[in-house]
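Subject: Structure for you to look at

Hello,

Here is the structure I said I would pass on. My notes on it follow below.

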Amino acid sequence: MSDTAGASRKLSWREAWGIAGRIALEVQFRSALAMNAGSMTQTIEKQIDRARSNARFNKFTVSFFIGMLAVIFGVIVWLTLSGTYGAPPEFQWISVAFTVSIFSLMGFSFLIFWGIMVSTSFISTNAASIGHYLPVSRADTGTLALLGYIRLFDSQMVSLVVFFPLAYGVVIYLIFGSAVPAVLGALACLITFLITVGLAIAVMLILALYFYTRIQTSGGSRLNNIIRILFIILWVAAIMGFSLSFQLLNIIIPLLASLSIQLAPIWNILFFGYPFSMGTFVVLASGIPGTPPLWIDLLVVLLYGGLAILGVRWARNFLQGVGTGNIAVSSTGVVRPVSLKVSRVGVALLRKDIRIATRTPGQAIMFFLPFLTMIPVLLQFTFNLSVVHVSDVIIFIVIPTVMLSFYSIFFLSVEARGMAYTMTLPLPTKRILLAKAHLITLMSIVIPVLVLAFALIKPFTNPVSFLIAFSMVPTVYVSAYISLVFFTRFVGGGRLIGFEIGQHITQMILVGLLGAVFAFIPIAFFGLFWFMTALAGFVVELAHFVGLAGLWIGILFNYLLGKLFARFFLIS
Amino acid sequence: MTQAVKGNGRPIIARDLVRNFGRTVAVDHLSFEVRAGEIYGLLGPNGAGKTTTVKMVSGLLPPTQGEVEVFGFDPLNQPIEVKSRIGLVPEDHILYESLTPREFFDFIASIRQLDQWETKQRITSLVDAFEFRDHYDKPIAALSHGNRQKASILSAIIHDPPLLVLDEPFSGLDARTVRVFKDILNIHLENGGGILFSSHILEVAESLCDRIGIIDDGKMVAEGTVDELREMVKAHGSLEEIFLRAVQQDTEVAETVQALRKALAKENKR
């Protein structure tokens, strides 16, 4: 019994930062372990290394992305101020204000999309409690919890705060040739993004708390399922909005600027709300000609600054409270009577896969991803095409079809440690694989549905287009099944095994590519048969039908191959 | 326990089992059998090969050499027959963490195609006996260690299997649940079922097991009833003493404790 046990001391900033790094690593490791606890092949040391390298990789890629975004937005500011971006010269300041505001909003959203799952892990793993086992003061435990949380996003936050102010300062200097507006502008940017980061930390934690208490730790009642789906739809919509606004920047900024001019002063109210007040503040600080003296905006920025400080303080107290157990983060629900519902084996497998995959937003978004890729193509076609040819439809459907062929591996991976349980059940391997292929096939039904919806907007030149779209459903089915059989053969020797993304990344990519090839075979057969018929001098309409026959021959070929592989490759 | 009569032979017959992981020999020519109506305890220190043996018996891991029969079926070539007759409580909680127990038991009952009405009666009684009703709609990931263990046990006995394979089944359970579970095991034995019980908690094994196999470094070092083991290793007293003598750690443990006593003595610090 040491005499010094229980003594506490004040931590230096350097010590606190170092310990916070360990806390952040612990969160990453515990999250990885929760996904991979059934691991039979990876040692704990390997899992720690992998958690560390994954965290570094994520930090690097996200920082790189933010850096690139900062450069792009810097270029937009430069083009605007040099008069080549379509904004009227007298309203260039509005365009610049919108550019800065949109970057700020994008950074805010990006931190939240990326950070909500990490924040949920921070709460669920109770990593904030680590500081309480150390001989440090109560105030220091709160600081440790906050710093540990911040260190999960440190490089992303630093990139956001540093890159754009730098880019902005350089652009202002190049345009006006003076250091004063450049420095003042860059400083205003810096303050803007510090406020953004502060607000993002609080919002992330509120959303993560909501997600954890209402979705992750509460039951599977109908209401919770609805809330979960709504949450995911909102999340997906926000990501889609983020992606679309990035693609349509060249339209959005001049449009907002024009609307501001036409509908002033109604639109000017915008400048007092977040994030537009930030853009106005930066424009005011850098003294861009034509900027009206909106000094009241400074008060608004001060208000947001105060809110950000309050948000960070709240986050610190909240994290400290979670760590000590003073703040309850698990929800209590109504106790319902015990019941049991026995369904068919296939239905039970399907239901289980859907439930597991939709319990986390990060995985649930995968259900929407193949179809999200169709939206930009759909928009482009809507704007640019007067009629839709068969070839347009093929372009429209090929990406989601090929993408879905990678989903076989995704549905194996979502089970994570649960796969070890599946292996204890009296289920033939083939039955489990078929259930996953059926689920992917169900998802693929959206392809013809979207094509039909597209037909309501634009006229189609040939009805074969619809038949091709519907043929993607069996195409996806056979490619998913073949890739699952291959994976089981080459990774598990014919038996299902506990799947670990980190451990099987190469096999996963290879099998995904194989699935993509099998998904492409019927489409290639269509092209081949169509080309041969057209070459023989037949009319195009006939070539389309012959191509369709070729497509079905491709599907049949895949189907027979899949059956053959399953027969020789799979072990019950 | 309708499936018991479908199978032929004893619950478990393991002959000359070997399992290598690279150069490491986890299980080394191990033979034992579990008879109907008995609890066979597989005891051994950490890393002795107990869990590997459990996995081979359950058809989750193929043996490098040797063979296992579960009610006359080969777990490797007839896994469906074997898995439908086994209720497994693994050492780790292998469960679908994001499902609630309600969803999880629905899934198991559906996969095993159990009778809905009968199984509902059974699971209701078990849930009440385990005082688990309050946790029935919480995701398994949000349950405490003890409640996860309860979920794991319930998932192993929901289908009333003729053979229970239990790897450290009492881990994390409170005294009340331990008592209830022991009674459930007794009822299972009275109904003619068999149990393979793997543990390193000797007090529980001593009070529960009809026969015990002590393994060390993958090898069977002693086997029999507690009295037979006592006679075999010439030890007196509890199973702990028999165990330490069997794995030849009694002298080493005494020396370690002696050294520790010296190191921790307060006089040394002054």
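What does the accessible surface of chain B come to, and what share of it belongs to carbon and sulfur atoms? The surface comes to about 12,000 Å², and carbon and sulfur atoms account for 48% of it. Please keep in mind that this is a predicted model.

Confidence

For chain A the average pLDDT is 81, and 88% of the residues score at least 70. Two stretches of chain A stay under a pLDDT of 50: residues 1-6 and residues 37-41. For residues 1-6 the model has 1 contact beyond four places in sequence. For residues 37-41 it has 10 such contacts.

Chain B overall

Chain B contains 11 helices and 9 strands. Of its 270 residues, 54% are buried. If you take the contacts in chain B between residues at least 6 apart in sequence, 70% of them join residues at least 24 apart.

Salt bridges

Side chains of opposite charge can pair when their charged atoms come close. Over all chains, a search of the whole structure finds 19 salt bridges. Three of the pairs are described here.

In chain A, the side chains of Lys59(A) and Asp154(A) form a salt bridge, at 2.7 Å from N to O. Lys59(A) sits in helix α2 (residues 44-81) and Asp154(A) in helix α5 (residues 154-176), so this pair links distant parts of the chain, 95 residues apart. Both Lys59(A) and Asp154(A) are buried.

In chain B, Asp137(B) and Arg102(B) meet through their side chains in a salt bridge of 2.6 Å, N to O. Asp137(B) is in the loop between α4 (116-129) and α5 (145-157) of chain B, while Arg102(B) is in helix α3 (residues 101-111), so the pair ties together parts that are 35 residues apart in sequence. Asp137(B) and Arg102(B) are both buried.

The third pair is Asp160(B) with Arg122(B), whose closest N and O atoms are 3.8 Å apart. Because Asp160(B) lies in the loop between α5 and β6 (163-167) of chain B and Arg122(B) in helix α4 of that chain, the salt bridge ties together parts that are 38 residues apart in sequence. Asp160(B) has a relative accessible area of 23% and is therefore partly exposed. Arg122(B), with 28%, is also partly exposed.

Back in chain A, salt bridges with shared partners join Lys59(A), Arg151(A) and Asp154(A) into one network.

Ser199(B)

Is Ser199(B) buried or exposed? Its relative accessible area is 2%, so Ser199(B) is buried. This serine belongs to strand β7 (residues 194-199) of chain B. Its side chain makes a polar contact of 3.1 Å with the side chain of Glu168(B). Setting aside neighbours within four places in sequence, Ser199(B) is in contact with Leu42(B), Leu43(B), Gly44(B), Lys50(B) and Glu168(B).

A nonpolar patch on chain A

Leu248(A), Ile251(A), Leu255(A), Leu379(A) and Phe383(A) make up a nonpolar patch on the surface, and together they have about 480 Å² of accessible area. Helices α8 (249-263) and α14 (374-384) of chain A each give two or more residues to the patch. Ile251(A) is in helix α8. With a relative accessibility of 48%, Ile251(A) counts as partly exposed.

Regards

Key:
Residues are numbered from 1 along each chain as its sequence is written. Chains are lettered from A and ligands numbered from 1 in the order in which they are written. This is a predicted model: local features need pLDDT of at least 70, side-chain atom pairs count only at pLDDT 80 or more; totals for chains, interfaces and linings use all residues. Side-chain values use heavy atoms; hydrogens and water are left out. Patches are made of residues with over 30% relative accessible area and no salt bridge: like charges are joined within 9 Å, nonpolar side chains (Val, Leu, Ile, Met, Phe, Trp, Tyr) within 5 Å. Accessible areas come from the Shrake-Rupley method with a 1.4 Å probe; for residues, only the protein chains shown count as cover. A salt bridge is a side-chain nitrogen of Lys or Arg within 4 Å of a carboxyl oxygen of Asp or Glu. Helices (H or I, at least four residues) and strands (E, at least two) are DSSP runs, numbered from the N terminus. Buried means under 20% relative accessible area, exposed over 50%, partly exposed in between (1.4 Å probe, protein chains only). pLDDT is the predictor's confidence in each residue, from 0 to 100. Contact means heavy atoms within 4.5 Å. A polar contact is a pair of N or O atoms within 3.5 Å; within protein, one must be able to donate a hydrogen and the other to accept it, and residues adjacent in sequence count only if both atoms are side-chain atoms.
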